[in-house]
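Colleague: I would like to learn how to read a ligand shell and a sheet. Please take them in turn.

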Amino acid sequence: MNAVAELIEALPAGRVLTDPDVAGSYARDQTFLEPGKPLCVVVAQTRDDVVATMRWATEHRVPVVPRGAGTGLAGGATAIEGCVMLSLARMTEIRELSPADEIAVVEPGVITADLDRAAREHGMMYAPDPSSHEISTIGGNLATNAGGLRCVKYGVTRDSTLGLEVVLADGRIMDTGRRTMKGVTGYDLTGLFVGSEGTLGVITSAILRLRRAPAVPPVTIAAEFPSPRAAGDAVAAIVAAGCQPSLLELMDRNTLEAIDDWKNIGLEPGVNAMLIAQAEGSVPGDAAEMARLCEANGASFVAVSSTQEETDELIGLRRLAYTAKERLGACLVEDVCVPRSVLPDMITIIEEVAARHDAMICTVAHAGDGNLHPVFIFDRGLPEPPANVWAAADEVFRAALRLGGTLTGEHGVGLLKRRWLGLESGPVVNEVQQGIKRVFDPLGILNPGKAI
Ligand SMILES: Cc1cc2nc3c(=O)[nH]c(=O)nc-3n(C[C@H](O)[C@H](O)[C@H](O)COP(=O)(O)OP(=O)(O)OC[C@H]3O[C@@H](n4cnc5c(N)ncnc54)[C@H](O)[C@@H]3O)c2cc1C
């Protein structure tokens, strides 16, 4: 019996998909990267399916690429030649939702926004909200330590993760962490697995922290600026003043134009950046102070709204940004993060780099976190970004590191950023990371070639 036939026999009927066209549809994430050809896809429905797949993969030394919804922007879920794509997207049960303990226990295929909606039925919320929250899975969020719009106040996915159930490369099951708000027994394996991009184990369930949903709708501010730099200055001032925004997002002119071309939002000439900020009801003074700081830093127009409809409309615009840019061409989405005090400098550098390399860059930023997404647009007919785009991206990475920042705030390294890793992590960090990888995955079958 060949290896795939053995896998089919080890799993319940229908779990293994071998049709090359079907397998090919699981092979890409949202990057332009050309995937390898998967051997097959396993559509796991239970933890036991994952265990059986990993035991088989260990026995046959076959690489396994875990996959959630494939919305990743770093190539983490891109197929490797001859791999098994292990889809967790059908493991969608919310097993427990406890307002008393402020936790939820969920399977990895749960869509992020579905968990938030389920929590809100109990007066709670699941805070991490990547812009992709309607399409990404909790497993993918955990594996990339996803951020999002609310993270400026509530932190990233790791800050909402208390424990994990993980299937290791050889099929053993490991429970990390706990249901309690605190705990220091042993090394923090939960923290280690969050952001490990499917290279250490397959997450099959998670204990997640919920928060009380705000009792009143937030106050939302939209401010228009003559330049992205001025908007960046306003962000730095808001942070320095000690305001606690629950959201602080920036969009540059190119992004606003892309949205305007699509949705006709009535973009005025001279508006070269927009800030969207929110303050929750518990800190009403912050809204007025943030509006004042926007004006003090050159905003040409500031609108304050406390109706849920207007708020939803503004946030909806921000969430459209990536899709609007995709209409312009192929996208290289970058994800640098800098200390918040130097956000204005980073914005200026991105504008200079775009001009110097004649590159079309649309920038959005989770500005309150110092996390910028310069999106490089290039010809859709090209298999990968042209040389001027790579050169511009390289300068952006180096500048972020020079300013004390990092290559990736929330998307992960995947395949896309590996070539720059050495600039950020020294040889000792690299050696330790390789050592950790060997402990969990001695045969190197879990998402090899990614993340580290
Ligand atoms: C329109 C758009 C907006 C976005 N906005 C944001 C944003 O605001 N913030 C943000 O952080 N990201 C954002 N992203 C990127 C992406 O949505 C996130 O990285 C998300 O966390 C990926 O989830 P996924 O289910 O699609 O994972 P996938 O893309 O399928 O996988 C991502 C990584 O996780 C690994 N993985 C998946 N599931 C598991 C598992 N169960 N166990 C172990 N490893 C696993 C994969 O191997 C891969 O390395 C955006 C993407 C798009 C397309």
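Colleague: How many residues of each class does the shell around the ligand have?

Modeller: The shell has 13 nonpolar, 19 polar and four charged residues. Here Ala, Val, Leu, Ile, Met, Phe, Trp, Tyr, Cys and Pro count as nonpolar, Asp, Glu, Lys and Arg as charged, and the others, Gly among them, as polar. This is a predicted model: local features need pLDDT of at least 70, side-chain atom pairs count only at pLDDT 80 or more, and totals for chains, interfaces and linings use all residues. Numbering starts from 1 along each chain as its sequence is written.

Colleague: Which residues come nearest to the ligand?

Modeller: A residue is near a molecule if its C-beta atom, placed from the backbone, lies within 6 Å of it. Of the 36 residues around the ligand, Gly 68, Gly 72, Gly 76, Gly 140 and Gly 198 come nearest. Strand E3 (64-67), helix H5 (138-144) and strand E10 (202-209) are the elements that each give two or more residues to the shell. H5 gives the most, with five. Helices (H or I, at least four residues) and strands (E, at least two) are DSSP runs, numbered from the N terminus.

Colleague: Why does the ligand lie between the domains?

Modeller: Domain 1 (3-87) and domain 2 (94-212) both give residues to its shell, so the ligand lies between them. The bounds come from an automatic or database domain assignment.

Colleague: What is the strand order in the open sheet of four strands?

Modeller: Strands of a sheet pair through backbone hydrogen bonds, either parallel or antiparallel. Pairing requires at least two DSSP bridges between two strands. The order is E1-E2-E4-E3, with mixed pairing. E2 (residues 40-43) and E4 (residues 84-87) run parallel, joined by four bridges. Cys 40 stands opposite Val 84 in E4.
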